[in-house]
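Please open the model in your viewer and keep the selection panel at hand, since the tour moves from one selection to the next.

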Amino acid sequence: MSRSTKPHEIVERALELSTADGCVVIADEESSANLRWAGNALTTNGVTRGRTLTVIATVDGKEGTASGVVSRSAVTAEDLEPLVRAAEAAARGAGPAEDAQPLVTGTPVSPDFTDAPAETGSAVFADFAPALGEAFARARAGGRELYGFAHHELVSTYVGTSTGLRLRHDQPNGTLELNAKSPDRLRSAWAGRSTRDFKDVDPTALDAELAVRLGWAERKIDLPAGRYETLLPPTAVADLLIYQMWSASARDAVEGRTVFSKPGGGTRLGERLTELPLTLRSDPNAPGLECAPFVIAHSSGDDVSAFDNGLPVPATEWISNGELARLSTTRHTAGLTGLPVSPGFGNLILDGGGEKSLDEMVADTERGLLLTCLWYIREVDPATLLLTGLTRDGVYLVENGQVVGEVNNFRFNESPVDLLSRASEAGRTEKTLPREWSDWFTRAAMPAVRIPDFNMSSVSKGV
């Protein structure tokens, strides 16, 4: 179907074509722009456009309701009816869906449902690109090379259902990753930012930050594996807690399969996880981290249900003042567990009441390690949520409030739940880019956290 056809018209036409007992149609209109650079010079840039249509058909049978899901891109007018029929055939050929629920009802209609989709393009970099050129010049004069990329995408999602829902959400998403390297490539430092529009990122300021870190790395110090007092920056805290939330399914906990399962049965809801006054929450209206206020589910999975499309997503406290307050549920798993409906999260915020910046926390450190970021995070044991991974792009030794040099990289073995119980200080919450999970999740705000005995299990030769 041509791009001149408005997405809401596609949704309406697909619903008209449906002969299933229930139908959900999701049209995603996507646009993106990117810049890439290496050695203090731009290398590539580009703009893309795309459209994806998802049809979810539900069929009521004697044994229960079945669903069929078909998604295709570049759908033409001729493709639309075959797509709808394919979803219906998939539903009729499937067994009853375990997560079957009545489609969400009500008559909410987004006021902009019939408007054209929002789009991004090269103009999003109008102020950023000249500033990046200034950063290149400063880096060149300072004897360092900058590498990295800036990516911005905007997805307008239209959700229509046979029960009358007509919802629309525009989601901007921008990431900036910047690496500074010494000319001999022996020293490297990284910084990243998440942004909605590139108006709040300053590449020259990031370059100045990276120049300091490259300076720290001029002195090399070898340290053995062991437990060290460690300052986790916001990006590392985000990567760990995002994985924790991905493992916070109420159903899995009730069935005794996760770190949130209670020995002997039940869950750890209501249990104090940390003595710090930490609150882990999600809020679709959080300033700068706005996300969809309703469920958008292109298919069903362990913690999401296609039947929940359009269900409101309220602000939720997962950990409240140190206590485990909620586990994620769909309507189906809420019924199985007897717990409140708590749809998945589109952003994640950790508040601890702290006011110190990371630099101020460094100044208060007698001896410890300062990390830059984590990567290659993998699960070792779901029962304890033990994770392993590597440090990257700079681990620094702090002595008497000063960074005195760069140490070798490590492999770590830690559980984020256990880390919360041992954390002794949390700094000021700030927006951050989770480096490990930035392809899937970018909207996070975290404080730096001090861990008295972070487990660096072995030395790594990675950079």
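**A pair of helices**

In this predicted model, start with helices H1 and H2, whose crossing is right-handed. To bring them up, select residues 7-17 for H1 and residues 77-93 for H2; their axes come within 9 Å and cross at roughly 55 degrees. That angle lies outside the ranges for roughly parallel (under 35 degrees) and roughly perpendicular (65 to 115), so H1 counts as oblique to H2.

Next, show the side chains at the contact, which on H1 are those of Ile10, Arg13, Ala14 and Leu17, and on H2 those of Leu80, Glu81, Val84, Arg85 and Glu88. Colouring these residues by class gives 5 nonpolar and 4 charged, with no polar residue in the contact of H1 with H2.

**The annotated domain**

Now select residues 226-457, which an unreviewed UniProt entry lists as "domain: Metalloprotease TldD/E C-terminal". Over this range the chain is 34% strand and 16% helix, and the C-alpha atoms at the two ends are 6 Å apart.

**An open sheet**

Then turn to an open sheet of 6 strands with mixed pairing, and follow the strands in the order E11-E10-E9-E12-E19-E18. At its edges stand E11 (323-324) and E18 (430-432), each of which has a single partner strand, so one side of each is left without a neighbour in the sheet.

Finally, isolate strand E9 (residues 279-282) together with strand E10 (residues 316-320): the two run antiparallel and are joined by 3 bridges. Which residue of E10 is the bridge partner of arginine 281? Selecting glutamate 317 in E10 shows that partner.

Conventions:
Residues numbered from 1 in each chain as written. Predicted model: local features only at pLDDT ≥ 70, side-chain atom pairs only at ≥ 80, totals over all residues. Heavy atoms only, no water. UniProt positions renumbered as here; feature names shortened; annotations may be inferred. Helix = DSSP H or I, 4+ residues; strand = E, 2+ residues; numbered from the N terminus. Axes fitted to C-alpha atoms, helices over the stretch in contact; angles between N-to-C directions. Parallel < 35°, antiparallel > 145°, perpendicular 65-115°, else oblique. Left-handed = near helix turned anticlockwise from the far one by under 90°. Contact = heavy atoms within 4.5 Å. Nonpolar A, V, L, I, M, F, W, Y, C, P; charged D, E, K, R; others polar. Pairing = 2+ DSSP bridges.
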